[in-house]
Amino acid sequence: MPDATPRFALPFILPGQAQKELFHNEAIVIADALIHAAAEAAPIPDPPSDPEPGQCWIAAAGATGAWAGRDQALAVWTESGWRFATPVPGMSVWNKETGIWLVWSGASWRAGEVPATKLMIGGQQVVGPRQPSVPSPSGGTTIDLEARSAVDALIVALRSHGLID
């Protein structure tokens, strides 16, 4: 039997283990940081100088000091010092500073991106998959420049919002 969980390496209590409460408490501290995880700020390279127990940060790439070698990990301050959790793909953390979700892609933290196949509001789909490009109006026997300009502006807006190619 392994001595820790496969995703976040939370320690198991093993048969015959002395001081089982230490291992149990360690797992509880890390689980407390991971359940509805919230970081004080975006990934930062240096540990804060005066953290409060329970506060979390994400150690940025090239982290220093007590965070050295823990790049991209969730770092939680406890009464016993820093505890770390290595992110898994799909893990999300609320950034308290910006009010935006951070999602671990497996390679980096993505800020404010929400992967989805559609957006539903009040049971109605308002945004779906990206549609093909729409050509600007051309040709015809009666040309209305104001109408063409308005249609072109709509096409530009749809492209800038990523709704069409």
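This report describes the overall form, the helix α1, the strands and two chosen residues of a predicted model.

## Overall form

The protein chain contains two helices and nine strands. Along the sequence, these elements follow the pattern α-β-β-β-β-β-β-β-β-β-α, with a helix at either end of the series of strands.

The radius of gyration of the protein chain is 24 Å, whereas a compact globule of 165 residues would have a value near 15 Å. Along the principal axes, the C-alpha atoms occupy a box of roughly 90 × 35 × 25 Å. Of the 165 residues, 25% count as buried. The protein chain exposes about 10800 Å², and carbon and sulfur atoms supply 58% of that area. Among contacts with a separation of 6 or more, 30% are made by residues 24 or more positions apart.

## Helix α1

Helix α1 comprises residues 20-34, a total of 15 residues. From its first C-alpha to its last, α1 reaches 21 Å, close to the 21 Å expected at 1.5 Å a residue. After α1 comes His36, which has a positive phi near 55 degrees.

Which residues of α1 are buried? They are Ala27, Ile30, Ala31, Ala33 and Leu34. These residues lie on the same side of α1, because they cover an arc of only 160 degrees around the axis. The buried residues of α1 pack against three strands: β2 (56-58), β3 (74-78) and β4 (81-85).

## The four-stranded sheet

Four strands form an open sheet in the order β1-β5-β6-β7, and their pairing is mixed. The strands at the edges are β1 (38-39) and β7 (109-111), each of which pairs on one side only. In general, strands of a sheet pair through backbone hydrogen bonds, either parallel or antiparallel.

Within this sheet, strand β5 (residues 92-95) and strand β6 (residues 100-104) run antiparallel and are joined by four bridges. One example of a bridge partner is Leu102 in β6, which is matched with Val93.

## The hairpin of β8 and β9

Strand β8 (residues 119-121) is joined to strand β9 (residues 124-127) by three bridges, and the two strands run antiparallel. Ile121 has Gln124, in β9, as its bridge partner.

How many residues stand between the strands of this hairpin? There are two residues between β8 and β9. In this hairpin, Gly122 takes a positive phi near 60 degrees.

## Two residues in their surroundings

Trp94 is located in strand β5. Its relative accessible area is 31%, so Trp94 is classed as partly exposed, a term for values between the 20% limit for buried and the 50% limit for exposed. Leaving aside residues up to four places away in sequence, Trp94 touches Ala37, Ala38, Ala39, Gly99, Ile100 and Trp101. Trp94 also illustrates how positions separated along the chain can be compared in space: Trp94 and His36 are 58 residues apart in sequence, and their C-alpha atoms are 7.9 Å apart.

Thr64, in contrast to a strand residue, is placed in the loop between β2 and β3. Thr64 is partly exposed as well, because its relative accessible area is 34%. With residues up to four places away in sequence not counted, Thr64 touches Pro45, Asp46 and Pro47. Thr64 and Pro45 are 19 residues apart along the chain, and 6.1 Å separates their C-alpha atoms.

Terms used:
Residues numbered from 1 in each chain as written. Predicted model: local features only at pLDDT ≥ 70, side-chain atom pairs only at ≥ 80, totals over all residues. Heavy atoms only, no water. Expected span 1.5 Å × (residues − 1). Buried < 20%, exposed > 50% of the residue type's maximum accessible area, 1.4 Å probe, protein only. Arc of directions from axis to C-beta. Contact = heavy atoms within 4.5 Å. Rg over C-alpha atoms; globule rule 2.2 N^0.38 Å. Areas by Shrake-Rupley, 256 points an atom, 1.4 Å probe, with all protein chains shown as cover. Pairing = 2+ DSSP bridges.
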